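Q: Please take a close look at one part of this model, the place where its domains meet, and describe it carefully.

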Amino acid sequence: MFDKSSSMGFIGAGKVGGTLAITLANAGYSVKGVANRTYSSAEELAARIDGCAAHPSYQGLIDACEVVFITTSDGAIGQIAAAGEWRRGQGVVHCSGAASLDVLDKPSRSGAVPGAFHPFQAFSSVENGVKSIPGITFGIEGDGEMRTYLGEMAREIGANPIFLNAEDKALYHLSGVLMGNLLTCLAAVAAQVWEKFDYDRADGVKALVPMMRAVANNLETSGIPDAVAGPYPRGDVGTVRKHLEVLKARFPEILPMYSELALAGLPYAIEKGLDQSTADEISDLINGFKT
Ligand SMILES: NC(=O)c1ccc[n+]([C@@H]2O[C@H](COP(=O)([O-])OP(=O)(O)OC[C@H]3O[C@@H](n4cnc5c(N)ncnc54)[C@H](OP(=O)(O)O)[C@@H]3O)[C@@H](O)[C@H]2O)c1
């Protein structure tokens with residue numbers, strides 16, 4: 001049975017490997033080894049954790065640890081798993097949101113116990129990553145003792161475990177991409193609008209970020225649909241018409257995006273109390289501008 005005292009090692013000393021190795025060591029897990037394609041990064045990470053050694057070879061780390069996290073870029077996980085010699089009963093875990101457990105096929109066939117431990121968070125550095133772990137969600141795959149071990153691991157570092165089936169992993173991952181990646185793109189487009197009235201997008205970012213924080217806070221405190229605000233739940237057809245007209249005249253490139261987002265959001269406006277006939281009027285108006 002894996003537990004907090006099981007010796008752990010990380011292959012991959014990047015943002016996620018570094019964040020998890022340090023966070024888990026701080027939480028009392030027995031982080032004993034790090035290996036990395038660029039050896040100096042393994043040495044740097046190992047030096048930050050008491051009792052942790054840098055391994056010059058992946059196999060040396062696999063041999064030394066009971067649980068091995070492969071925290072390389074997604075494309076390398078399967079290659080590293082396939083190249084290693086694994087023991088029966090050993091744990092092997094990756095942190096990809098896109099890959100499922102099939103990339104760990106070789107260790108599984110050798111009797112190792114596979115798992116996935118995906119942090120539902122965007123990491124830009126190890127330092128910020130370590131601070132950002134409490135309160136986040138980890139998407140976990142694995143059976144039996146691996147499921148129990150990884151669920152407990154998430155809770156031990158102040159995070160929230162959820163358990164996934166392989167067929168749901170892509171849906172789960174795209175939800176994170178909508179938020180972590182495409183929300184940033186939406187913010188970039190919203191900032192770009194400021195260039196249409198003689199400010200630049202940095203001014204737009206300055207104005208939009210406090211609003212993004214308030215939106216996140218409203219979502220956390222009020223949930224959906226109460227956090228959904230603006231002209232749609234108000235049923236403000238005239239304002240929506242003005243938006244569509246000005247986009248058509250001055251920023252037609254984003255008219256389709258605005259229209260699709262508005263239509264996708266209408267059900268939440270209805271849930272919040274918008275009457276069906278006004279919702280239909282808004283929907284017809286938007287669809288009229290789409291054609
Ligand atoms: N970043 C995020 O926001 C985020 C969020 C959730 C999950 N994840 C997942 O976490 C895992 C690691 O991502 P990351 O953001 O930590 O990446 P990262 O900071 O870019 O680090 C990538 C690591 O993979 C190693 N690597 C890259 N290509 C390799 C190859 N061909 N062979 C061997 N090692 C290779 C790098 O070694 P070198 O030091 O030699 O370059 C480095 O240690 C991925 O599965 C990713 O999907 C990332």
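A: The protein is divided into domain 1 (7-164) and domain 2 (171-290), with bounds that come from an automatic or database domain assignment. This is a predicted model, in which local features need pLDDT of at least 70 and side-chain atom pairs count only at pLDDT 80 or more, while totals for chains, interfaces and linings use all residues. Residues are numbered from 1 along each chain as its sequence is written, and side-chain values use heavy atoms, with hydrogens and water left out.

The C-alpha centres of domain 1 and domain 2 lie 38 Å apart, and the contact between them (heavy atoms within 4.5 Å) takes eight residues from domain 1 and four residues from domain 2. The area buried between domain 1 and domain 2, that is, the accessible area (1.4 Å probe) that two parts lose on being put together, summed over both, is about 500 Å², and carbon and sulfur atoms give 74% of this area. On the side of domain 1, Gly97, Phe120 and Leu164 lose the most area to domain 2, together 64% of what that side buries.

As for polar interactions, there are zero salt bridges between domain 1 and domain 2, where a salt bridge is a side-chain nitrogen of Lys or Arg within 4 Å of a carboxyl oxygen of Asp or Glu. Two residue pairs, both at pLDDT 80 or more, are in polar contact between domain 1 and domain 2; such a contact is a pair of N or O atoms within 3.5 Å, of which, within protein, one must be able to donate a hydrogen and the other to accept it, and residues adjacent in sequence count only if both atoms are side-chain atoms.
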